[in-house]
Amino acid sequence: MGFRCWLLVITFVLSMGFRCELAGAHGRWQLLQSLEAADDGVCTAVVSPQGYECQEYEDPTRKRRRQSGKRQPVLLQHGVLMDGLTWLLNPPQQSLAFVLADNGFDVWITHGRGTRWSRRHESLDTSDPAYWAWSWDELASFDLPATVGFVVRQTGQKLHYVGHSMGTLTALSAFSEGKLVDKIKSAALLTPVADLTYMTTPIGRAAASAFSGEMLGALGVAEFDPKGAVGTNFLESVCALPGVNCYDLMASFTGPNCCLNDSTVDMYLKYELQPTSVRTLVHFSQSQSVAFRRGVITKYDHGSSAANMAAYGQSSPPEYHMSNIPHHLPLLLSYGGGDMLSDVKDVQLLLNDLSNHDADKLVAQLVKEYAHLDFVMGVNAKQVVYDGLIAFFDKHS
């Protein structure tokens, strides 16, 4: 496994406490500005000032157990180009992390490898291309199991899981290979991604058809920072392609989100866009291309039969078979009618793969007016999605 196991996952825990809520968007801007200026960490800068107990962990090999009482642990996993701040951008009464804490859950939030709070390595620096030699395969095979195992060791309990976007893809991929199932009570998948056949986002389709990740890789770029020079140049080139309108950048990428607060969108664009590996973008491009031909999703294609043989013992990358997900694992799939990344037709393909799932263990919720980001930043997401999610968790606790 070599360097692939190095990720130091940073998580923090929210527990119920007295809330000292800052007033409106101005207060939240102050919190995020202090986060950027002081570099103190999310607990100190964002969570604790709002009256919640919060702890941060960097070493997933720790043996000391953290006592969480009788609170049920739940792990929140963000999507690509995001980090754990995703779950905290709205006011507490609208943000899933705080809502869960207020309902008595022990909330754990990850920062994926390569993002602002998770860039350490035992021997490599982020300027080294070897640091970025991973795709979402490694997140599913190594990082997610390590994180789940860490929470289980710390709390002494199985956990509930919430994934958004790529956080659903990594979980589904792991589940399909029998990983994590013995450690998770149930999983709620917001905007589930397991097939890209019908992805309609103009930016996503243009990027996939151009194999932009491979183009960047050919230029010797290993890290993709959407706010850096490479990210800016990439976006300008994609936006110049025929049929791509980037006037409303977020809608062009995610679909027409119905229910976002303008100030939250501004905070998201300023603070939340995070780096990832170019290989991850290549993998998404490969998956979308393969999906067009066969309606499947595969592991990363290393580019030659010899390289694939070395990695997988076969000349082409293995497929993920979502139908192999254990039928008894409770799953909640919540998806949007306006989502251009997790298209309704693609979600239906996933549901077809899950057709033999135990009927009382599978719940599918279509929110017709929602697009991709409404599920994590929608001002009414508590009423539309989170209350039902909590009821689902309670049922399977």
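Let's start with the aromatic pairs: a search of the whole structure turns up 10 of them. Please keep in mind that this is a predicted model.

How do we describe such a pair? Two aromatic rings are characterised by how far apart their centres are and by the angle between their planes.

Take Tyr57 and Phe150 as our example. Their ring centres are 5.5 Å apart and their planes meet at 70°, so this pair is edge-to-face; the cut-off for that label is an angle over 60 degrees. Now look at where the two partners sit. Tyr57 belongs to strand β2, residues 56-57, while Phe150 belongs to helix α4, residues 136-155, so the pair ties together parts that are 93 residues apart in sequence.

Are these two residues buried or exposed? Tyr57 has a relative accessible area of 2%, so it counts as buried. Phe150 is buried as well, with a relative accessibility of 1%. The cut-off behind that word is under 20% relative accessible area.

Which residue joins Tyr57 and Phe150 in one aromatic cluster? That is Trp108. If you have the structure open, you can pick out Tyr57, Trp108 and Phe150 as a group.

Here is another pair for you: Tyr131 and Trp132. Their centres lie 4.9 Å apart with 65° between the planes, and this pair is edge-to-face. Tyr131 is buried, at a relative accessible area of 0%, and Trp132 is buried too, at 2%.

Let's leave the rings and move to a polar side chain. Asn90 is found in the loop that runs between β3, residues 72-77, and α3, residues 96-102. Although Asn90 is in a loop, its relative accessible area is 2%, so it is buried. What does its side chain have as a polar partner? A polar atom of the Asn90 side chain lies 2.8 Å from the backbone oxygen of Met377. That distance falls within the 3.5 Å cut-off for a polar contact.

Finally, let's zoom out to the whole chain. There are 15 helices and 10 strands. Of the 397 residues, 56% are buried, and the residues we have visited, including Tyr57, Tyr131 and Asn90, are examples of that. Among contacts with a separation of 6 or more, 79% are between residues 24 or more positions apart. As for the surface, the chain exposes about 15600 Å², and carbon and sulfur atoms supply 53% of that area.

That's my tour, and I'm happy to go back to any residue on the screen.

Conventions: Residues numbered from 1 in each chain as written. Predicted model: local features only at pLDDT ≥ 70, side-chain atom pairs only at ≥ 80, totals over all residues. Heavy atoms only, no water. Helix = DSSP H or I, 4+ residues; strand = E, 2+ residues; numbered from the N terminus. Buried < 20%, exposed > 50% of the residue type's maximum accessible area, 1.4 Å probe, protein only. Contact = heavy atoms within 4.5 Å. Areas by Shrake-Rupley, 256 points an atom, 1.4 Å probe, with all protein chains shown as cover. Phe/Tyr/Trp six-rings, centres within 6.5 Å; stacked < 30°, edge-to-face > 60°. Polar contact = N/O pair within 3.5 Å; in protein donor to acceptor, adjacent residues only side chain to side chain.
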